[in-house]
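Student: Could you take a close look at one part of this structure for me, the second largest cavity, and then show me how the rest of the model fits around that picture?

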Amino acid sequence: MNGYRSYFDRVRLSEAQHRRLMEALDRTRRTRPAPKAHRPSRWAAAVAACGVLALAAYPIRHAGGLPRPSAGAAQSPAPVETGAASTRAPQAGAEYVLEVGDPFAGQHHSDFSLPALEFTYCDFSKHLELDYAPPADYSVYRLTAEDIVRAVGGTEQAPWTLGWEGFALGGNAWIDGGGALLWAAITGKRDGSSAEIELWLASGGLPPTDVAYEEAEQTEYDGTAVTLYYTDVGSGDWRYYADFMCGDTGVRFQCTSRDQDEAARLAALAVRQIGYGGFTVEGLEPDEGALVYASRRTDLSLEDLRADPLGAWLPAKLPEGFAFESGGRQTMRDVDTLFASWSRGYDYVELSVARFPTSASLPAADLKAGAVTAEALKTFGRYVEDDAGDVPGWRFQFTVDAGAASVRYTLKGLSPEEAAALVNGAVPPAGGDGP
Amino acid sequence: MTDPGRLELLVCTYEHAMYRTALAILGDCHEAEDAVQDAFVKYLEKAPAFASGEHERAWLLRVLINGCKSRLRAPWRRRTTPLLDTYPAAAEEERLALEEISALPPKERAVIHLYYYEGYPTAEIAALTGEREGTVRSRLTRARARLRELLKGET
């Protein structure tokens, strides 16, 4: 490849090409309308308007009732694995749950350094779906309460400066096959409130995410570049995001709440933590005893896939032009998953077939086998006209309950009719074991 | 982004890398020049904000690659001039490398260029091309099989 590299090292736009480019861009700049102005957050505007009131005492408030999390909250940055243990609710013993108390024992106190930050509004319907998959071999461990305290810069408790009183928190760490930390996630819900937080940490860069917004704007706080944005995820929930680096630790924080001010405040306090020591993944080394599950993956040929017991659920026939790309089997504790992908140009068909132990309750599927029609699939798809210049067409993502297995489909470039035919030609009726 | 000074700085920072990538995919200097212009025009239209220079570069490359894909899908394309005619090789090693890699399908050329020339890992190439990482790895595997001699000594 040295020849390739030395060849391209010499390739550059000439002076004439550069001049033509700049002239074209100058014409564009002078003739096109300016980009849409971003609506400042209601919270930031209120802060600016209220002045001293923004610095007023923040008594502990407990809203009545426990509203259910919105459907939009399900779209977390977590790389969702079929059968994976939830990263949301702390599930194990007390040592893995951090309950954050009120350090002021109910007394009013003032918080005079609340930063007045501007969050950019982003249209939820225009979010970009990114794709990130962990390595073939990785393990997930529970974080202890001590791990969580250390990660958020505390000594015996979470710092009061975070404003997390009333939250019950749990966390997980993803470790690769070599023992290195991939990322950690701390999540929790506030008692008596609809607020849910997620804090993702990684070493050396921002943690991965599967959702991004082009409108998100970067600003600066205490000398650190921060990206602050918020969106309306539907069902009355607001979600505020803050992405930044704390030294070598990448941080993605999000708060979802029906109380927009609460979500904005918690995101701002997370940013303020930069000046109070911030967050860190240093020293995060979970015990073997805290293993949630290990994932091992083996690549398989199409022939091996079809010979696999779960191969019965692979589509027998694909639309013209699709060629097999890759596939394999993944084992995560008691859950076996077979996955495969086909492509046709930049269109693709991807599916994973997961068989759960009979003792486990299956995750709720979007559709039942036998009830997959083109009309039904439109509910789980969207037609994209313009995706940064990518090909227009339908994109689908849905799961089908096939009785003994759950089949997840991700499709691009198929019409609803083709998608229905693909599914119906593969999944046997519920209760069957397949061909 | 309407400040002309900042725009020129942005263009000067990324134009050559973007041009090389477009050339690697499209194989023609005129089409590559147009693709680079289209990508910067999109930048002017969207005026996105970036968390870092890396993010900015990745965004521009992604828009460029999507633009190259659209050009390759066009029902007609103007006659192209072979790359080696526009930019002659300086040595036999270069000529052989260009001929072998130019014979690959555009999708595989893109992955080879991003991996071996730009140095992106497969996960980032997947984000840049809008494909799954598994697909990127498959393309690399297929391309490597065809370029076995060329890749001796590469990791």
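Tutor: Searching the whole structure, which is a predicted model, turns up seven cavities of 30 Å³ or more. The one you asked about, the second largest, has a volume of about 60 Å³.

Let's go round its wall. Chain A supplies Tyr346(A) to the lining. From chain B come Ile25(B), Ile65(B), Cys68(B), Lys69(B), Leu72(B), Lys107(B), Ala110(B), Val111(B), Thr129(B), Glu131(B) and Arg139(B). Two elements of chain B give two or more residues each: helix H3 (53-73) and helix H6 (106-117). H3(B) is the top contributor, with four residues. In terms of domains, the lining takes at least three residues from domain 1 (1-83) of chain B and at least three from domain 2 (89-155) of that chain. As for chemistry, the wall splits into seven nonpolar residues, one polar and four charged.

Now for the chain that provides so much of that wall. Chain B has eight helices and zero strands, so its pattern along the sequence is simply α-α-α-α-α-α-α-α. Buried residues account for 50% of its 155 residues. If you take the contacts in chain B with a separation of 6 or more, 65% are between residues 24 or more positions apart.

Next, the packing. The largest nonpolar core has 59 residues, and Phe8(A) and Phe40(B) are the members that touch the most others in it. Helix H1 (residues 4-26) of chain B gives the most to this core, eleven residues in total. Phe8(A) itself is a nice one to click on: setting aside neighbours within four places in sequence, Phe8(A) is in contact with Arg20(B), Leu23(B), Ala24(B), Leu83(B), Leu98(B), His113(B) and Tyr117(B). There is also a second, separate core of 49 residues, with Val100(A), Leu117(A), Ala184(A) and Leu199(A) among them.

On to chain A as a whole. Here you get eight helices and 20 strands. Of the 435 residues in chain A, 50% are buried. Among its contacts between residues at least 6 apart in sequence, 66% join residues at least 24 apart.

Two residues of chain A are worth zooming in on. Cys255(A) sits in strand E12 (residues 249-257). Cys255(A) counts as buried because its relative accessibility is 0%. Leaving out residues up to four places away in sequence, Cys255(A) touches Ala195(A), Glu196(A), Ile197(A), Trp238(A), Arg239(A), Tyr240(A), Ala263(A) and Leu266(A). Tyr230(A) is 25 residues from Cys255(A) in sequence, and their C-alpha atoms are 9.4 Å apart.

The other one is Asp222(A), in the loop between strand E9 (217-221) and strand E10 (224-234) of chain A. Asp222(A) is not a glycine, yet it has a positive phi of about 50°. With 54% relative accessibility, Asp222(A) counts as exposed, because the cut-off for that class is over 50%.

Key
Residues are numbered from 1 along each chain as its sequence is written. Chains are lettered from A and ligands numbered from 1 in the order in which they are written. This is a predicted model: local features need pLDDT of at least 70, side-chain atom pairs count only at pLDDT 80 or more; totals for chains, interfaces and linings use all residues. Side-chain values use heavy atoms; hydrogens and water are left out. On a 1 Å grid over the protein atoms alone, a cavity is a set of points where a 1.4 Å probe fits but cannot get out, and a pocket is an open set with protein on both sides within 12 Å along at least five of seven lines; lining residues have an atom within 4 Å of a point. Grid points are joined across faces, edges and corners, and a volume is the space filled by probe spheres set on the points. Ala, Val, Leu, Ile, Met, Phe, Trp, Tyr, Cys and Pro count as nonpolar, Asp, Glu, Lys and Arg as charged, and the others, Gly among them, as polar. Domain bounds come from an automatic or database domain assignment. A nonpolar core is a set of buried Ala, Val, Leu, Ile, Met, Phe, Trp, Tyr and Cys residues joined through side-chain atoms within 4.5 Å. Buried means under 20% relative accessible area, exposed over 50%, partly exposed in between (1.4 Å probe, protein chains only). Contact means heavy atoms within 4.5 Å.
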